[in-house]
Amino acid sequence: MDEKTKTELLTLFKNKLNRAMRYYLDTCTRCGVCTKACHAYASTGQVRYTSAYRHELVRRLYKKYFKLQGKVWPAAGEAKVLEDMTIKELYDAAYSCTGCRRCMVYCPFGIDTQMIMSIAKLLLVGASTEPELLTMLADMSIEKGKSMDVFKESFLTGIKKLEGQVVEKWRSEAGETVIPIDVDGADLLYVALAGAHSIIPAAAVFNAAGEHWTLSFFEAVNFGAFVGDPTRTTLILDRIISEAKRLKVKEVCICECGTAFRVMKHLTGPQPFKVSSITEVQARYIREGRIRLDKSIVSDTVTYHDPCQIARNGGIIDEARYILHHLTDNYTEMTKEPKYNWCCGGGGGLVAMGEETLDFRMTSSSIKADQVRKTGAKILSTACENCHTQLGDLNDHYKLGVDVKFLSSMVADALVR
Amino acid sequence: MQTLIYIIMVPMVYAAAAIFVVGIIIRLVVLLRAPANPSTLQIYPEKRPKWLWAIHDTFLFPTVRRHKPVLWVFLILFHIAFLLLFIGHLELFADFQLTQIIAHDIFLGQGFVGLTLSICLLFFLFRRIKSPVREISVPEDYLLLLLLFLTVLFGSQMDWARTWYEYGELTVEDYRAYLLSLVVLKPDLPFATTFSGHSFMLVLHIFFANLFLIFFPFSQLMHSILSLPMNKLRRG
Ligand code: SF4
Ligand code: SF4
């Protein structure tokens, strides 16, 4: 690695060193309490997948370049020089970590591995060795924000085509727009994903609840966050924030996408609108009597997978159960305490990277497959796109014989007048 | 030899104390000057009051109790014993009514505190040699445990000698005289502290303690100070 690149990378590293990050890098006692927390270690038994091992890779650089100990006596803490080999190790550590933060629950100090891995991911971006696909997808999202006019027409036509399927689930009143777009002064802006499955059921439920809503032009998913690039993350986010401000909406509702929800809810700072997940909003409709659900639709045993970014890291836990208890009497918990739920193994951009990560996703998540199997449920519901895809893959790979469903679709299918 | 003993017991003690205090202050200033994280780092569900739960997490290590119960027993014993020894050393400087609520001789615990600490340290050391903790450990971790073990061993040995073997050449009064002379910047080494049969224990105890203090601010031992703010971050 040439000196110029090294200096640039170390500047990126330095910019990441806020107080919390320094706490995390200064403190690990390497006590090993967190080892069993990581699904990748629990499934494979390989120490390099323990969270402490992952952070130690970043910590060695921290010691070398930002700490007196590493300068005076590098051997004590195994401080390490930044070189090409290090970049390879960082890639392995960062793209085998889903950022689920389950290990943070175990650590006596609460060290946040996802945050430490964000340094690794940023260095990879700096060295242009990050997964190209993620950057490409992020750039496409940004491009869409810049030249909305080009995309607008085809987007509107595409949406129009979905209206029939929404009406099949919920017949709107005459004269009502089935999927409203660009509504100035709407109460709620719904930010969906690109697929119809993320729009149709949600639209039916909004219409059933009589919500004054509007659909965002942009998809919620933030590939910038997956690839750990703060600039791209913000650019992608800003498209939605400025749309919400322009339309003067009171609430931004994020579809079933864990990362999109957490980034919007917790990582953007105060905004003039409220941020909710679709699970929260649908639970609210039931509580307020705005929608009613038919319990006879779902007859098999149902379990629920708490998406890490929505439950443990996002705080939406009881709402999902509230909905499920209105959908079925046949609900069984996957874990006693949702903050201990095993990650599905698909977060942090791994699912978005598709086939490339499939083998790893399957081997690193056998513990998840076991957990699902133990519930004995026939329907596996969840509220995150990534989790849904990964759980579907696990279902095929481990022959779990479950039906993986989105919670919001289950709600839409059970709507009654 | 006497010069070496003098260096260890006087200038090195001053240097270690200075590095310890100044080092920690610098570390804390660097941390406090760094910008706060712009967003929450909380884990859910949350429990209130958050501060109280953060204190609970910091001092009772509930996650260790849950996931590594044996380690937890040793950790709790270790930290309590460490606290008692700290109080014991404070009592060498002056008599505190507060600590004498339960009347005791100096040091507290009649030698068992040191013994507990030594056993805990051996446990910590040996568990590091086992996978997967071995793979994540770095030399610093072994070194700190070893330094602490040696410090405690030689320190306790003096205590054990007095309480268990009726050894009386080196008395608490001698330690007091030595420590106070250091505090008032008129270093004086009482005869017993350098010439008695057990004085080499004291010298070694102080030597390893000095090294420990010097290394403290630059090592993972900062967890003793940072644990509370970190746990607060997790609690939100
Ligand atoms: S539990 Fe925390 S302190 Fe212990 S090894 Fe893991 S990250 Fe480090
Ligand atoms: S954040 Fe999740 S995937 Fe990453 S090390 Fe921790 S437990 Fe493993």
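This is a short tour of a predicted model, with suggestions on what to select at each stop.

**Stop 1: chain B as a whole**

Start by selecting chain B and colouring it by secondary structure. You should see twelve helices and zero strands. Walk along from the N terminus and each element you meet is an α one, following the pattern α-α-α-α-α-α-α-α-α-α-α-α. Taken along the principal axes, the C-alpha atoms of chain B fill a box of roughly 60 × 40 × 40 Å.

Now switch on the surface of chain B. Its accessible area comes to about 12200 Å², and carbon and sulfur atoms account for 75% of that. Of the 236 residues in this chain, 48% are buried. How much of the contact network in chain B links residues 24 or more positions apart? Among contacts with a separation of 6 or more, such pairs make up 73%.

**Stop 2: Gly155(B)**

Stay in chain B and select residues 139–164, which form helix H8, the home of Gly155(B). Is Gly155(B) buried or exposed? With a relative accessibility of 16%, it counts as buried, because the cut-off for buried is under 20%. For a sense of scale, draw a distance from Gly155(B) to Leu226(B): the two are 71 residues apart along the chain, and their C-alpha atoms are separated by 27 Å.

**Stop 3: Gln220(B), where the chains touch**

Next, pick Gln220(B), in the loop that joins helix H11 (199–215) to helix H12 (223–235) of chain B. This loop residue is buried, with a relative accessible area of 7%. Which residues does Gln220(B) touch, leaving aside those up to four places away in sequence? From chain A, show Asp26(A), Thr27(A), Cys28(A), Thr29(A) and Arg30(A). From chain B, add Arg128(B), Glu140(B), Asp141(B) and Leu144(B).

**Stop 4: ligand 1**

Keep Cys28(A) selected, as this residue is also among the closest to ligand 1, together with Cys31(A), Cys34(A), His55(A) and Cys107(A). In total, 13 residues surround ligand 1. By class, its shell has nine nonpolar, three polar and one charged residues. Ligand 1 sits in the second largest cavity.

**Stop 5: ligand 2**

Move on to ligand 2, which occupies the largest cavity. To display its surroundings, select Cys38(A), His39(A), Ser51(A), Arg54(A), Cys97(A), Thr98(A), Gly99(A), Cys100(A), Arg101(A), Cys103(A) and Thr113(A). Colour this shell by class and you will find four nonpolar, five polar and two charged residues.

**Stop 6: helix H19 of chain A**

Select residues 366–375 of chain A, which make up helix H19. Which of its residues are buried? They are Ser366(A), Lys368(A), Ala369(A), Gln371(A), Val372(A) and Thr375(A). Residues three or four places apart in an α-helix point the same way, because there are 3.6 residues a turn.

To see what covers the buried residues of H19(A), show its neighbours in chain A, including helix H3 (39–44), strand S6 (302–305), helix H18 (358–363), strand S7 (379–382) and helix H20 (385–397). Then step just past H19(A) to Gly376(A), where phi is positive, at about 70°.

**Stop 7: Asp318(A)**

Finish with Asp318(A), in helix H17 (residues 318–327) of chain A. Its relative accessibility is 59%, so Asp318(A) counts as exposed. One last distance to draw runs from Asp318(A) to Lys16(A): they are 302 residues apart in sequence and 34 Å apart in space, C-alpha to C-alpha.

Technical notes:
Residues are numbered from 1 along each chain as its sequence is written. Chains are lettered from A and ligands numbered from 1 in the order in which they are written. This is a predicted model: local features need pLDDT of at least 70, side-chain atom pairs count only at pLDDT 80 or more; totals for chains, interfaces and linings use all residues. Side-chain values use heavy atoms; hydrogens and water are left out. Helices (H or I, at least four residues) and strands (E, at least two) are DSSP runs, numbered from the N terminus. Buried means under 20% relative accessible area, exposed over 50%, partly exposed in between (1.4 Å probe, protein chains only). Contact means heavy atoms within 4.5 Å. A residue is near a molecule or strand if one of its heavy atoms lies within 4 Å of it. On a 1 Å grid over the protein atoms alone, a cavity is a set of points where a 1.4 Å probe fits but cannot get out, and a pocket is an open set with protein on both sides within 12 Å along at least five of seven lines; lining residues have an atom within 4 Å of a point. A molecule sits in a cavity or pocket if more than half of its atoms lie within 2 Å of its grid points. Ala, Val, Leu, Ile, Met, Phe, Trp, Tyr, Cys and Pro count as nonpolar, Asp, Glu, Lys and Arg as charged, and the others, Gly among them, as polar. Accessible areas come from the Shrake-Rupley method with a 1.4 Å probe; for residues, only the protein chains shown count as cover.
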